[in-house]
Structure formats: C-alpha cells, structure tokens
Amino acid sequence: MRCDQAAERLSHELDGEVDDREATALEAHIASCSACRAFRDTSLRVRQHLRFEVLSHVPDVEPRVQATVARPMPRARWRWLAPAAAVVAGIVAGAAFIGLRTTGGPDVAAANLSGPVLSAQRRVDALVAQLRVTERGWHPDVPVRSYAGHIDYRAPESIAIDLVDDTKYPSTAWKPNNVATVVSQGTDWRSGPAACPRESQPSCTPAAPRVLASVDREPFPDAEPAPLDLVVPVRSLAGGGDQTLLGSRRVAGRSAIGVQVTAAQVEPLLAGLVQTGNWRELYPSDRVELWLDRESFVPLDLKVFPARSAERERWAAHRGYSDNPRAPVLEIALDDIRLDQAPAADAFPAPPPGAVTRSLGFRELPVDQVAVPDPGWLPPEMAPYRAGLVQTPNGPTVTERTWSDGRAWIKVRETHDWTGDRLFGDLGDAVRRIDSGAAGTVYSGDGGRRIAIHGAGVDAAVSGSLGGDDLLRVATSLGIAGEPAPPTWAEASLVTGPGAAHALPGLLMPERIGGFGKPAVRVDGDAVTLTYTGAGAREFVLVQTRGTALAPPVEIDTRGVDVRGRIGRYSPDRGELEWVERGATFSIRSQSLSLSELLRIAAHLEPV
Amino acid sequence: MAAEAPRGVRVQEPDPRVIRAAADHDQAAFGEIVRAYQAHVWRFLRHLLNDDALAEDLTQETFIRIYRKLHTFQFRSKFSTWVFNVARNAGTDELRSQRRRARLVDALATTPPPSRDPSLRVEVEEAVATLTPTLRETLLLVELFGFTYRETAEALGIPEGTAKRRVFDARKQLARELTEKGEAGAM
C-alpha cells in the first residue's frame, strides 16, 4: 500500500468507512510508516479537540429569536412546496375589462396589464365557481391526479375553497389529497393531509387530515394572502411591465385573452394554501399560460409547463420528477362562473371540531378607541373598515386601522415601542429610500406595496391592495415627519441612484429591462447593491464592487458562461451569475429568474 | 489494533411532531428546536467564521431563517442536516459579504497570521482557520457532529464522494500545519 493511498484510507477509517480486513491492512502499514502514523495521530488530536471541546460560554439566542419571529412576518416571497391548491385560489378574479392597451402596432404580442388589473380588483363583490385541477408527476406510481371542487368568495375578506381528490390510486393505502381552506374575517382554517416525503408514500401519510385554525386574525394579515390577493391577480400582473400575449380564443364559453408568464410571476396566486395538502413542486421559471375572461378579467384557465433548461432538468432530477416538456405539470380550469352572485349562507363554515386552534393576537376595537391618525388623503370610496390592537409575546403593541370600498383595502399600522433594528412594517430586502418633501424621508418596499415611516417616537407602516403611488400618498398624508433610519438600522446605508454612482464611479445599471421597478440601492464601502423587484416573486440583486478577481467558488457545480463577451461563472444552487469587467466584480443573483434571463439583464447593463 | 475513532455525541433528531408543530408557528415547539440546536449551530459557525460574536449573530439569523423556512422542510432529509444547511448558507453569505465589503478575497481563503500561543486549543483552531471555507465547513460537520459522509453531502448539497475527498484534503492540510507548527515550536 502506497503512503498517499494509506493516508486517504486512514481518513475513511476515522469516519467508520472501512471494513475490518482493510483496517488490519492499515494497521500493518502504520506499524512501519511514521508519516502515516503522524497523519492519524494529528487527525485524532484535531477530532479530540473539536468534538470534545470545553466551552465556557454558549450563547442563548432563543429569547432574541422568539422576539423577532413573534413580530408580524413579511409575506413569503417564494414558496414552492405545495402550490397547486393556491393556484386554484388565485385563478379566480373579477373585473370589468376596461381597455387593454397594447404596446405597438396591430401585430404586437405584448401589453401592459397593470392598469386593468388594478382597476379590476375594485369591481368584484362575490363569486361562485366550479374548479377542475390536474396534477402530473407527483409520484411515479400515481403519474396523474385529478381534483374537482368549488370556490366561494365574498368581498373583502371571505373565501372558501374545497377540492376533492378523485384520483384512482393503486390501492387503498394511498390517502386522497382532499383540501379545504376557509377565511372569514377574524377566523381562518385549513384542512388537508400533512406533508410527507414522496419516497415514503403511501405509508407515511396520516389517515386523518390535519386541521389548523386561527382566531383573532387581524384584517388583511401580512403573513398570509388576504382573500382579495387570492382572487385577483394584481400582484402577479401589476408592475410586471409588458406581458407576452398569447392571443384570443373561447374558454369555457367565454371570450378570453391569454398571457404567458412564469411560475415565479404567479407566485402570489400560489402562496395562499401552500401548507395545506401534499402537492408536487413547481420550478420558478416554469412557463405559465394564463387565460383571462375578456369581459370580467376572470382567469379561466391556467397551465404550467416545465421550463426547458439544464438547470430545470437538474432540479427535477434532484426531486425525482421526470416531466414531459410538452405536458403541463399543473392544469386548473374554472367553470360555471357566477360573478356577483352571493355565496350560500353556509359557504364559510366555522372550523370543524378537533381543529388545532391558535390566537393571532388581534383585538378588535371601535375606531374611536384606536389611536392611529386619519390620513389626510384616501382614495375615493374608501370607508373605515375594521380597527384594533395587535399584541404578541415579546412584540411591540401595534394599533391598526383599515379602510375598504368593499373590495380593495388599505391598512395603516402604528407603534410607539418599536425596538427592531430595521424599519417597522416588514418591507423586505428591496427597500427604496424616498425624499417625499414635506413628509420627510419615507421608505418603500415589496415593490411599492408597503411604505414605512420612522418618526420621532413613532413608527408607521402603510400597506394595501392598491398601487404604490396611492399607498405613498396615504403614507405622506399621515402627518408624521419622516426621519432617516438610525445609523444602526439595516436601512441606514440606502442611497439614491446618484449616490451609488458617486460611491462607485463607472457604475453600470440595467437599461431597457421591462417588468422591474426602480431599484433599492445600498452602498457598503465601495460595494453597491441594487435590488430589483417585479411582478409576483420576480426579483434580482445586482452587486458591483471594485476588484479584479472573483472569490474562489463555493459551490461544486459552478460552471463557466459567456457574459458580455467575457468569461464568467454561474452557480445554479445560488442562482448567481458573476464576472469581472473594467476593474469591478459583478454579481447578479436571483432565485426566481433563469440563467438566460440573468444573461439578458447583464447584456443590458450600461454606464449610469 | 484499529485506530481510536470516537464518534462523540451525535446530534439528535427532534420528534417529527415537534417539527410539524413549529412549522405551524407553535412558539413552544419552535423554542424546543432552538434550544436543541443552538449550541451545535453556534459551535459550527464560530469555527467556520473564527469569530465568536459574529457566530452568535449568525446563530440568531440561522434560527430566524429556519422559522421562516420550516414550512418548506419536507422530511426528505434528516432535520439536522437541513438545519446545518441553513446555518452553512448563513455563514457562507457572511463570508461572501465580507469578501465584497473588504475585498478580503485572499485573506479569507487562507488564514489569519499564526500565533505562538502554545495551547493546543489555539493551535488547532488556528490550523482549522487556515482551511479554505469549503474544506472547513465539510470537516466541521464530520468532526463536530459526527455526521457521516452521506449526511455531510446532504447538508452541503454535494456528492458523497466529494465530501469524502474534502475531509481527507482538510486532514492532510491540518496534519501539515500542525506538524510544521510543532517542529517550529520545538526549535
């Protein structure tokens, strides 16, 4: 046995990976090899220290972690575990079709849907419809599953979705994936089989469904999509720039227009019920064909097709999926649509007996007992809706008021004991600093869907289902003088575009890339970070810093790519494209965009 | 006689019911998970980053990430390997951030200057700090927690053979470092 071979086998032996026979051979080698003996002794010494080290102090982070997570959670931007039921929720939308303006001549196949969709949400009072769902590739033994069900919606805060799994399973050992979700103002509950590893199916699925209920639910909570978010595709289409149009045709007996988007873009439609039931996963770049009713703007039909890329194939292989690129992995069709027909009186039942129930800490109060300032401006027809107080263990006391026109909504929250180290209001990572003139400094996050103001002794946040301009106008009319975030807060290093160019001369920014708003800009030394958000969960982060070489790659599967005529590299795990150009290192990172989209963004970078 | 190969204290797996309850925002269940893993995560991060205070901050960050991602845990892997994958990503993000902020590309990939402190603890920790982040994180999972190569590969998202090779490469480098130091100290 050669010395280098022996050392490697000794390493394996330390980790219990050699058999007795080989161990005997290694002992014989060590007896006559001082180098290998030293290798083993040193390795054991390192192990002895690391594995049995004596620690005089181990921090207890639990109180701080609990205090942080007890605060209202930001809406999940990226959840892909069980989206199909949520897609079902999202396929329902209603609106008068108020004029789709295409972006060019008669042959163009693109249109901006922001205006029509934002208007649409203010026109639906109620809806009742039937649903059909087909899911492919969930399990090798059950290649296709089908569901039938119905949906009932009453604006602004009641929805019920019920899906019955009518799949013919190989045996009775398989449990049907029946799911139900009900939201009715201050209460919600959902029922479905608990998630369980695919390779352990069917035995691991419990016989009884899991039923979880929440009471004391605040109006339009941040952590979960409000019913309106589920029924109107505002977040999926507003702010998304020009959408690719598929044309017009009849769907379910109605005149429809089609748009092509990605699964990432319709993520808000997927986010509602992801913790209910056992569903297959979707890939962010999967292609989605969405057909909307031309008259009412109701999505009538949605199909998700596997994206065609090496990364997608790798993702599928890792999960054991063998998807056919031509067959939709998920199909949802809406039928027998009755808009503005009131749901039945028992359409939103109370949680069933035995539901595991938790309180979300909201206490409803008369509006005059809630000390939230009246906005100086509100959109037309907005009237006071619910108001109250949220108190959670270790969290601040938050007062809040909401306004609604019966469909759309606005919420203002305020606290006087905010102790966080970032802005109140869960603005996310892509936060823009805005100088609003008389109202001082305000901050916009989540693609303009949340506004935060930090004032003297007060922190306020505005959110809602309306456009970002309306929310900003409400926020700046609250009478709070906005101050810059304190130096120790995460948002302290936010600057405007010119500030970034000053920090890093030669800064490049993407030009002519539709579908993304203005970036959030952060400067740390000579590193400039630009965060862009688009419709749904589409986002990317561009980082530039002075440098002439990239750091060593962290991931094993990093590979070389051609970027802007230079050799760069791409890590599928991190969704990160990196290269060096003109004395600066560049990184574009995204969990929702494909490599080809990142390369397209890179190609459009131009000096500021 | 075969080499002594102590396996140490293995990281325990929590009851799946506790994981499910925590995923459903049961604070008590989540607290149980934090208490069970925080010392392990902190030890891993302090060796990975060579900075106790930073490790404490990132331990906190790791559990906040875990809380927000718990609903995505599908029981396809052991819970402990999933937890260390989250911790490793938090640590890696920090390393990359440091690289960008301070352009410490070379320094990070190599080592802080060796000291002459004669204690074994400092000597071993300094030697571990000379490893590249990639080798360091792989070795730490095996040595700190007794992860098998398969579990280590799962936690890091790499092939099992790669994990095996990295552990060997790390040990080779440590043996060289510690031997040289021992010889220098004896002079």
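How many helices and strands does chain A have? Colour chain A by secondary structure and you get 13 helices and 31 strands. Keep in mind as you click around that this is a predicted model. For the complex, the predictor gives an ipTM of 0.79 and a pTM of 0.62.

Stay with the whole of chain A for a moment. Of its 608 residues, 48% are buried. Look at its contacts with a separation of 6 or more: 65% of them link residues 24 or more positions apart.

**Stop one: strand 25 of chain A**

Select residues 527-533 of chain A, which make up strand 25. Is this strand mostly covered or mostly open? Mostly covered: 7 of its 7 residues are buried. Show the side chains and check each face in turn. One side carries A:Ala527, A:Thr529, A:Thr531 and A:Thr533, the other has A:Val528, A:Leu530 and A:Tyr532, and all of these are buried.

Now add the strands it pairs with. Select residues 520-524 for strand 24, which runs antiparallel to strand 25 and is joined to it by 5 bridges. To get your bearings in this pair, find A:Ala520, which stands opposite A:Thr531. These two strands form a hairpin with 2 residues between them, and A:Gly525 there takes a positive phi near 65°.

Next, add residues 539-546, which are strand 26. Strand 26 is also antiparallel to strand 25, with 6 bridges joining the two. The landmark here is A:Thr529, which sits opposite A:Val543. This hairpin has 5 residues between its strands, and A:Gly536 in the turn has a positive phi of about 60°.

**Stop two: backbone oddities**

Most residues other than glycine have a negative phi, and most peptide bonds are trans. The next three picks go against that habit.

Zoom in on A:Pro156, in the loop between strand 3 (142-154) and strand 4 (158-165) of chain A. The peptide bond leading into A:Pro156 from A:Ala155 is cis, with omega near -5°.

Then jump to A:Arg564, in the loop between strand 27 (559-563) and strand 28 (566-571) of chain A. A:Arg564 is not a glycine, yet has a positive phi of about 50°. Is A:Arg564 buried or partly exposed? It is partly exposed, because 14 other C-beta atoms lie within 10 Å.

Switch to chain B and pick B:His25, in the loop between helix 1 (16-23) and helix 2 (27-49). Phi of B:His25 is near 70°, again positive in a residue other than glycine. B:His25 has 20 C-beta neighbours inside 10 Å, so this residue counts as buried.

**Stop three: the rest of chain B**

While you are in chain B, select B:Ala129 in helix 6 (residues 120-129). Draw a distance from its C-alpha to that of B:Asn50: you should get 6.7 Å, although the two are 79 residues apart in sequence. B:Ala129 is partly exposed, because 17 other C-beta atoms lie within 10 Å.

Finally, colour chain B by pLDDT. The mean is 76, and 76% of the residues reach 70 or more. Where does the confidence drop under 50? One stretch is residues 100-118, for which the model has 28 contacts beyond four places in sequence. Another is residues 183-187, with 1 such contact. Where pLDDT is low, the predicted coordinates should not be read in detail.

Conventions
Residues numbered from 1 in each chain as written. Chains lettered and ligands numbered in written order. Predicted model: local features only at pLDDT ≥ 70, side-chain atom pairs only at ≥ 80, totals over all residues. Buried ≥ 20, exposed ≤ 12 C-beta atoms within 10 Å, placed from the backbone. Helix = DSSP H or I, 4+ residues; strand = E, 2+ residues; numbered from the N terminus. Pairing = 2+ DSSP bridges. pLDDT = per-residue confidence, 0-100. Contact = placed C-beta atoms within 7 Å.
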